[in-house]
Amino acid sequence: MRPEPTPSQTIGPFFHDALTGEDRSGLVAPDHPEAVRIEGMVFDGAGEPVPDAMVEIWQANRAGRYNDRIDAREDLPLDPETFSGFGRSGTDASGRFSFITVKPGPVPGPERSLQAPHIMVSVFARGLLKRLVTRIYFPDEQEANAYDPVLSSIEDADFGSTLVAHEDEGGLRFDIHLQGENQTAFFEL
Amino acid sequence: MRQQSSERVSDANREVQPPYLYPDYVATRLRAPKKPLIILPKTLSDTAGPAYGRGPIGELDNDLTRQHEGEPLGERIIVTGRVLDGNGRPVRNSLIEIWQANAAGRYIHKLDRHPAPLDPNFSGAGRCLTDDEGHYRFVTIKPGAYPWKNHDNAWRPAHIHLSLFGEAFRSRLITQMYFPGDPLFEHDPIFHSVRDEKARRRMISTFDLEATRPEWALGYRFDIVLEGRNATPMENHK
């Protein structure tokens with residue numbers, strides 16, 4: 001008999017000591033030659049910053065390989081000692097989160113397609129009974145983004161564009177709007 | 001490719017997982033997305049998953065009663081169980097993080113204003129890895145109920161927060177473990193946001209005499225089932 005899944009519950013407001021006490025927002029060192037800073041704010045439906053959210057990212061390395069044995073494409077380099085592909089950042093009092101990482105390579109999509117470079121994102125917060133899932137795409141990948149099987153499946157182009165980060169002061173900016181007119185596109189897994 | 005869907009309408013899972021918008025839990029009102037979710041096809045991006053936490057874990061990280069000079073106040077308990085995937089297979093070598101209030105119902109967090117005492121011998125945070133059969137075990141203190149401002153005279157039933165990774169990005173879960181027989185269940189909108197009664201019951205630990213250690217601590221069992229990678233034909237990813 002297949003066991004039934006355990007329901008999700010909110011992360012609540014008091015997770016910081018346990019989950020974000022140790023800084024996991026740097027996937028590479030700031031002086032890494034390919035380092036890119038991704039920064040953003042989380043907003044609620046009233047446009048107010050959300051100071052008690054936790055944002056996690058998961059991505060492939062520069063070559064487009066995931067640090068997980070299920071990704072068995074051994075022709076691509078893997079650097080598990082120096083690049084885990086996972087990061088975590090709690091929002092601060094002003095609703096801000098940030099990561100220092102590298103742009104991932106393209107990764108395989110459904111039916112032999114190729115997905116544009118992207119970062120998987122989970123958002124947890126008080127008031128979210130289960131996580132929200134979104135993706136960060138890159139503004140300098142216009143062509144790849146146009147052919148990306150997930151981005152191109154979103155009919156409303158403005159809605160889809162909420163998934164593309166913006167160039168901002170030498171880094172990238174990716175705001176997350178939980179609700180409202182500018183709401184970020186979220187996924188059902 | 002399938003187009004946008006409204007939230008879990010045709011999914012048998014509908015009643016098992018809480019909705020984003022559950023107005024009785026007031027904080028969901030401005031935080032629940034209103035636009036339709038986009039169906040995400042399974043790809044390596046979500047069937048693979050982070051190996052976070054497989055690095056060094058301290059010997060006492062799973063014993064919240066031994067992280068300070070003295071012993072914390074309250075009822076010492078053992079919380080143990082297994083982590084399984086949707087096919088009933090153990091989830092091995094996988095990180096579990098927990099956090100909770102102390103016996104008086106107070107979190108160590110700087111924003112917790114509940115006028116109950118802090119315990120200098122209790123931080124309320126722990127972590128461990130599951131073993132080869134998916135087993136995990138924590139020693140801690142039974143948390144107290146605590147008040148919140150969701151509605152008039154609102155109290156959360158005693159609970160321990162758990163964060164799990166499982167084997168895929170898809171498996172990621174944060175949940176809460178409750179204690180059997182809590183009179184606050186019927187008044188708690190977070191507990192009731194899970195509409196299926198059987199599913200709600202799966203969030204309640206069971207007293208376990210086998211896990212109980214004589215003259216020392218009561219044992220509670222809490223098994224957790226995560227979504228697995230699911231059989232994604234890897235040929236398509238080559």
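Modeller: A residue counts as exposed if 12 or fewer other C-beta atoms lie within 10 Å of its own, and as buried if 20 or more do. The model we apply this to is predicted.

Biologist: Is Asn153(B) buried or exposed?

Modeller: Asn153(B) sits in the loop between strand E6 (146–148) and strand E7 (154–156) of chain B. Its phi is near 55°, positive although the residue is not glycine. Within 10 Å there are 6 other C-beta atoms, so Asn153(B) is exposed.

Biologist: Chain A has a residue with positive phi too, Arg112(A). Which strands flank its loop?

Modeller: Phi of Arg112(A) is near 60°, and the residue is not glycine. Arg112(A) has 10 other C-beta atoms within 10 Å, so it counts as exposed. Its loop runs between two strands of chain A, E5 (107–108) and E6 (114–115).

Biologist: What share of chain B counts as buried?

Modeller: Chain B holds three helices and 12 strands. Among its contacts between residues at least 6 apart in sequence, 71% join residues at least 24 apart. Of its 238 residues, the buried share is 42%.

Biologist: Which strands stand at the edges of the open four-strand sheet in chain B?

Modeller: The sheet order is E4-E3-E8-E9 (chain B), with antiparallel pairing. Each edge strand has a single partner, so one of its sides lacks a neighbour in the sheet. That describes two strands of chain B, E4 (125–129) and E9.

Biologist: By what angle are neighbouring strands of that sheet turned on average?

Modeller: Strands of a sheet pair through backbone hydrogen bonds. In this sheet, neighbours are turned against each other, direction ignored, by an average of 25°.

Biologist: Which residue in E9(B) stands opposite His159(B)?

Modeller: E8(B) and E9(B) are antiparallel and share six bridges. Opposite His159(B), in E9(B), stands Tyr178(B).

Biologist: Now the contact between the chains. How many nonpolar residues does the side of chain B that touches chain A have?

Modeller: Chain A gives 62 residues to the contact and chain B gives 69. Elements giving two or more residues on the chain B side include helix H1 (44–47), strand E3 (95–100) and strand E9 (173–178). By class, this side has 20 polar and 13 charged residues, and its nonpolar count is 36.

Biologist: Which residue of E1(B) is the bridge partner of Glu188(A)?

Modeller: Strand E12 (residues 187–188) of chain A runs parallel to E1(B). Two bridges join them. In E1(B), the partner of Glu188(A) is Ile39(B).

Definitions and conventions: Residues are numbered from 1 along each chain as its sequence is written. Chains are lettered from A and ligands numbered from 1 in the order in which they are written. This is a predicted model: local features need pLDDT of at least 70, side-chain atom pairs count only at pLDDT 80 or more; totals for chains, interfaces and linings use all residues. Two residues are in contact if their C-beta atoms, placed from the backbone, lie within 7 Å. Ala, Val, Leu, Ile, Met, Phe, Trp, Tyr, Cys and Pro count as nonpolar, Asp, Glu, Lys and Arg as charged, and the others, Gly among them, as polar. Two strands pair if DSSP finds at least two bridges between them. Axes are lines fitted to C-alpha atoms, for helices over the stretch in contact, and angles run from 0 to 180 degrees between N-to-C directions.
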